[in-house]
Amino acid sequence: MKASKFAYTRVLEVDEALAVLAKGGGTAKAMSGSQSLGPMLNLRLARPAQVVDVASIPSLRTVSRKAEWVEIGAAVTHAEIEDGAHQPLARHPMRQVACGIAYRAIRTRGTVGGSLAHADPAADWVVTLAAMGAHIRARSPRGERTIEVDALMLGAYTTVLESDELIVSISVPSETPTTHWGYHKVCRKPGEFAEASAAVWFDSSRKRTRIVLGAADGPPILLNALAAEIASKGAGAAGREQLRVAVSVALPERDAIDLKRFTACVERAIEQSGVLADLKQAE
Ligand SMILES: Cc1cc2nc3c(=O)[nH]c(=O)nc-3n(C[C@H](O)[C@H](O)[C@H](O)COP(=O)(O)OP(=O)(O)OC[C@H]3O[C@@H](n4cnc5c(N)ncnc54)[C@H](O)[C@@H]3O)c2cc1C
């Protein structure tokens with residue numbers, strides 16, 4: 001099928017993009033890498049009258065360190081992160097996540113901002129950036145606001161963003177020697193969307209502990225009680241049974257096989273993070 005007719009405008013300034021979106025009054029859509037919007041246009045699941053291409057806006061293509069945060073322009077691609085092309089992310093855990101997204105051809109065009117705005121429950125950034133405690137900056141003609149990534153999604157393919165609002169950047173905590181991090185996704189082939197996933201982020205110096213389930217058909221699910229138990233009680237709170245109970249409470253309608261897959265994701269993400277060895281040492 002071919003896309004229905006739409007007007008296409010490429011812009012080089014955020015203000016220009018906002019003006020086009022505002023003029024569209026809900027019938028205009030931003031385009032970044034077009035790796036999700038393109039198929040949706042061709043399948044006529046999206047029929048905007050106007051598409052505004054933001055992928056070449058210079059201010060959306062930069063990465064900078066700001067105190068303990070790294071601010072990433074919304075149009076930075078998965079491949080740039082994978083390649084360590086931006087120095088502030090050269091040793092960041094985001095590199096490991098990026099190289100597991102789809103295939104290289106998709107990664108060279110797909111962007112972090114586009115992925116978050118698309119809000120596919122099975123996507124990688126939605127769950128991993130929620131685990132890191134990342135936030136986005138969104139701009140509209142009404143001004144700018146900050147949204148926590150874990151509060152961005154309302155449901156599958158739905159976010160709190162208004163139709164005239166543009167994600168301009170994503171801020172992630174910089175990695176420190178005390179950062180313990182892990183991410184595991186279950187998928188049929190490497191590079192596929194996840195069928196179950198979990199990300200963990202423990203940073204004792206900044207007192208941040210997060211365990212998040214992804215690919216659960218909706219927004220990422222934070223296992224706050226489990227994370228707090230592990231942070232306060234140590235490795236003993238992260239036994240397989242404790243993990244299974246936490247996952248069952250979070251996903252009450254899932255069958256035994258699904259629960260096993262999600263539990264395995266949490267267990268492997270924790271294992272990968274190496275936090276248990278540290279916690280045992282501290283006990
Ligand atoms: C075959 C295939 C396999 C894939 N596998 C995976 C995978 O394993 N894991 C994974 O995470 N992803 C996967 N993806 C998705 C890929 O990561 C896309 O890059 C991503 O979903 C969308 O990013 P994009 O830049 O291409 O956005 P686009 O397709 O350009 O836009 C997507 C949506 O976001 C909106 N949008 C774009 N930019 C902004 C912005 N700055 N502000 C507000 N709204 C914006 C658009 O209006 C549109 O609604 C796959 C895609 C394909 C085609």
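Helix 6 (112-118) contributes 5 residues to the shell around the ligand, the largest share of any element. The model described here is predicted. The shell holds 32 residues, of which G33, A102, G110, G114 and A117 come nearest to the ligand. Two or more residues each are given by strand 2 (28-31), helix 2 (37-42), helix 6, helix 7 (124-132) and strand 10 (166-173). By character, the shell consists of 16 nonpolar, 12 polar and 4 charged residues.

Two of these contributors, strand 2 and strand 10, also belong to sheets. Strands of a sheet pair through backbone hydrogen bonds, in either the parallel or the antiparallel sense. The two sheets are set out below.

| Strand order | Form and pairing | Average turn between neighbouring strands |
|---|---|---|
| 4-5-10-6-7 | open, antiparallel | 25° |
| 1-3-2 | open, parallel | 20° |

The antiparallel sheet is built from 5 strands. Its edges are strand 4 (63-66) and strand 7 (143-148); each has a single partner strand, so one side of each is left without a neighbour in the sheet. Within the sheet, strand 6 (residues 135-140) is joined to strand 10 by 5 bridges, the two strands running antiparallel. In this pairing, H135 stands opposite S171 of strand 10. Helix 1 (residues 14-24) packs on the sheet, where it touches strand 6 and strand 10. The direction of helix 1 makes about 130° with that of strand 10.

The parallel sheet is built from 3 strands. Strand 1 (7-10) and strand 2 stand at its edges, and each has a single partner strand, so one side of each is left without a neighbour in the sheet. Strand 1 pairs with strand 3 (residues 50-53) in the parallel sense, over 4 bridges. Here A7 stands opposite Q50 of strand 3. Helix 1 is again involved: it lies across strand 1, strand 2 and strand 3, and runs at about 150° to strand 2. Helix 1 therefore touches strand 6 and strand 10 of the antiparallel sheet, and it also lies across the strands of the parallel sheet.A further contact joins two helices. Helix 9 (residues 240-250) and helix 10 (residues 256-273) pack at an angle of about 125°, and their axes are 9 Å apart. This angle makes helix 9 oblique to helix 10. The crossing of helix 9 past helix 10 is right-handed. On the side of helix 9, the contact is made by R240, L243, R244, V247 and S248. Helix 10 supplies L259, F262, T263, V266 and E267. The residues of this contact divide into 5 nonpolar, 2 polar and 3 charged.

How values were computed:
Residues are numbered from 1 along each chain as its sequence is written. This is a predicted model: local features need pLDDT of at least 70, side-chain atom pairs count only at pLDDT 80 or more; totals for chains, interfaces and linings use all residues. A residue is near a molecule or strand if its C-beta atom, placed from the backbone, lies within 6 Å of it. Ala, Val, Leu, Ile, Met, Phe, Trp, Tyr, Cys and Pro count as nonpolar, Asp, Glu, Lys and Arg as charged, and the others, Gly among them, as polar. Two strands pair if DSSP finds at least two bridges between them. Axes are lines fitted to C-alpha atoms, for helices over the stretch in contact, and angles run from 0 to 180 degrees between N-to-C directions. Two residues are in contact if their C-beta atoms, placed from the backbone, lie within 7 Å. Angles under 35 degrees count as roughly parallel, over 145 as roughly antiparallel, 65 to 115 as roughly perpendicular and the rest as oblique. A crossing is left-handed if the near helix is turned anticlockwise from the far one by less than a right angle, and right-handed if clockwise.
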